[in-house]
Amino acid sequence: MTHVERGLMWFRRDLRISDNAALYQALKTCKQVYCVFVFDRDILDSLPRKDRRVCFIGDSITQLDAALNLLGGSLIVRYAQAIPTIVQLAQQLHVDAVFANHDYEPAAIARDRQVAEQLKSITCTFHTFKDHVIFEKDEILTAQAKSYSVFTPYKNAWLKKLTEPGGEFFTKPYPVFSYLRALTKPPAQLVQSIPTLEQMSFDPDYAMPISAGEKGAETLFEDFKERIEFYDETRNFPAIKGPSYLSVHLRFGTISIRELVRYAYERSCVDLKKGAQVWLSELIWRDFYVQVLYHNPHVVSQAFKPEYDRIAWEEGAYADTLFKAWCEGATGYPIVDAAMLQLNTTGYMHNRLRMIVASFLTKDLGVNWRWGERYFAEKLNDFDLSANNGGWQWAASTGCDAQPYFRIFNPTTQSEKFDPEGKFIKRYLPQLQKLDKKNIHAPSLMEPMLAKAAGLEIGRNYPLPIVQHEQARIRTLERYAIVKKQKF
Ligand SMILES: Cc1cc2nc3c(=O)[nH]c(=O)nc-3n(C[C@H](O)[C@H](O)[C@H](O)COP(=O)(O)OP(=O)(O)OC[C@H]3O[C@@H](n4cnc5c(N)ncnc54)[C@H](O)[C@@H]3O)c2cc1C
């Protein structure tokens with residue numbers, strides 16, 4: 001890229017300085033670099049006023065601004081619509097180029113196209129870079145030059161590219177700190193204080209249970225390094241501190257995916273245990289779903305496999321009642337209810353539980369997966385369109401490489417297997433505190449005298465099961481039979 005006088009680095013889902021591709025390119029290319037973050041009203045205005053993610057962004061932005069200030073720069077922060085704000089700032093700052101990292105969501109792609117066009121009209125260029133994933137767009141294709149829709153061959157191709165000669169380039173960190181000289185503070189008339197959550201009409205007390213920013217991410221990662229080797233043994237048990245809890249940081253880019261993949265790969269080469277290797281595989285799932293969305297933007301509103309859009313989901317007041325019970329954690333299936341309460345009270349839900357509740361909603365309650373997807377999108381701290389859509393379509397069997405439709409999780413046996421002592425359930429359902437490990441997974445089947453002695457009154461302080469799993473299973477097989485009958 002040819003050198004230019006002034007550039008503007010636009011932070012979006014990459015709220016960090018270290019190993020930031022676009023920031024590195026901006027600093028390397030321009031004599032002076034300004035930095036900006038926009039609290040985009042096109043996104044924020046539709047969110048509920050109690051939103052932990054906005055708190056997390058606010059804290060991360062404050063940290064980023066402080067770090068930039070120490071390094072000679074500063075962060076311009078605006079609460080406005082992104083497109084006109086960026087174009088106006090580019091004019092006011094007289095920059096020659098705007099730099100940002102790729103965002104693969106359809107709405108973001110459309111936004112960036114508009115930004116590029118409008119910048120062009122003021123003779124400013126727009127440069128975007130890969131940062132959020134290891135491999136993007138057409139970097140991993142089948143032998144027929146098509147995008148992958150099955151995970152295992154994708155993963156094999158992904159690992160091959162990473163490990164073949166020159167593959168280390170893909171996880172090499174960008175040496176941002178060698179080029180900081182170009183960081184520049186904006187002129188005083190453009191400096192505004194960072195808008196507070198109250199000023200943006202968000203509840204400031206609705207914070208996340210984990211620390212934000214690059215520092216928060218590094219602390220979590222350091223903690224996870226201590227237990228990564230056991231990841232494969234612990235990751236399925238929600239009562240155990242098994243996973244990394246880094247998803248929010250990956251979502252907002254407060255940690256670099258290259259750093260995580262490099263570490264996981266190196267550990268997988270030396271560890272005797274399989275933990276790092278299995279964790280690396282999860283990071284590959286993340287890349288996989290990003291490329292699925294990029295190549296198949298129809299999945300935002302439709303099933304990946306179109307024939308599955310013919311399924312007749314429950315409708316009307318009955319569906320509303322079922323959905324409400326699911327959202328509130330009142331289905332009478334303790335593992336499902338505890339999981340939903342974890343989501344409602346913390347904004348996090350363990351991966352095994354996401355699979356259980358998504359299967360329960362679609363295959364026990366017969367409710368459209370899109371309702372669950374929307375609920376998760378509103379509640380999850382780590383909500384990411386590609387992973388969420390991929391996860392829901394996997395569970396509902398409508399997606400690429402999804403769970404076959406006839407494989408239907410039994411919520412009670414899942415509970416017995418993955419929360420055998422009921423420790424996780426008891427964290428969120430105190431009324432089941434006195435139940436032993438035999439009864440906690442299906443309390444409605446308890447002998448009434450025994451239940452009463454344990455302080456449990458089914459139908460009063462804990463609901464009756466909203467559906468019977470075995471009957472629901474039969475209904476689901478009938479519901480999905482339409483896919484089998486109509487061969488495509
Ligand atoms: C129905 C459903 C919805 C989901 N919605 C989201 C979502 O909105 N955002 C999100 O980040 N993940 C989502 N996931 C994937 C997964 O549940 C979370 O990434 C994981 O629980 C986050 O916890 P962690 O960071 O401790 O994960 P770890 O187990 O430590 O995994 C490390 C990282 O790998 C990635 N990862 C792990 N599993 C998956 C997966 N199945 N698909 C894609 N990436 C994965 C995540 O970035 C995660 O942070 C969903 C899964 C399901 C079944």
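**Legends to close-up views of the predicted model**

**View 1. The interface of domain 2 and domain 3 in the predicted model.** Between them, domain 2 and domain 3 bury about 1800 Å², and 64% of this area is on carbon and sulfur atoms. In domain 2, the residues that lose the most area to domain 3 are N236, P238 and Y289, which together make up 35% of what that side buries. The contact set pairs 21 residues of domain 2 with 23 residues of domain 3. Taken over C-alpha atoms, the centres of the two domains are separated by 28 Å.

**View 2. The ligand between two domains.** The chain is divided into domain 1 (1-131), domain 2 (133-172 + 213-295) and domain 3 (306-481). Because domain 2 and domain 3 both give residues to the shell around the ligand, the ligand lies between them.

**View 3. Helices that supply the shell around the ligand.** At least two shell residues come from each of helix 9 (247-252), helix 11 (275-295), helix 14 (351-364) and helix 16 (385-395). Helix 11 provides the largest share, with 6 residues.

**View 4. Composition of the shell around the ligand.** There are 28 residues around the ligand, and those that come nearest are Y231, S244, Y245, N351 and D382. By class, the shell residues divide into 18 nonpolar, 5 polar and 5 charged.

**View 5. Polar side-chain atoms of W279, E282 and N388 at the ligand.** An oxygen atom of the ligand lies 2.9 Å from a polar side-chain atom of W279. In the side chain of E282, an N or O atom is 3.0 Å from a nitrogen atom of the ligand. A nitrogen atom of the ligand also lies 3.1 Å from a polar side-chain atom of N388. On its own, the ligand has 810 Å² of accessible area, of which the protein covers 95%.

Key:
Residues are numbered from 1 along each chain as its sequence is written. This is a predicted model: local features need pLDDT of at least 70, side-chain atom pairs count only at pLDDT 80 or more; totals for chains, interfaces and linings use all residues. Side-chain values use heavy atoms; hydrogens and water are left out. A residue is near a molecule or strand if one of its heavy atoms lies within 4 Å of it. A polar contact is a pair of N or O atoms within 3.5 Å; within protein, one must be able to donate a hydrogen and the other to accept it, and residues adjacent in sequence count only if both atoms are side-chain atoms. Accessible areas come from the Shrake-Rupley method with a 1.4 Å probe; for residues, only the protein chains shown count as cover. Helices (H or I, at least four residues) and strands (E, at least two) are DSSP runs, numbered from the N terminus. Ala, Val, Leu, Ile, Met, Phe, Trp, Tyr, Cys and Pro count as nonpolar, Asp, Glu, Lys and Arg as charged, and the others, Gly among them, as polar. Domain bounds come from an automatic or database domain assignment. Contact means heavy atoms within 4.5 Å. Buried area is the accessible area (1.4 Å probe) that two parts lose on being put together, summed over both.
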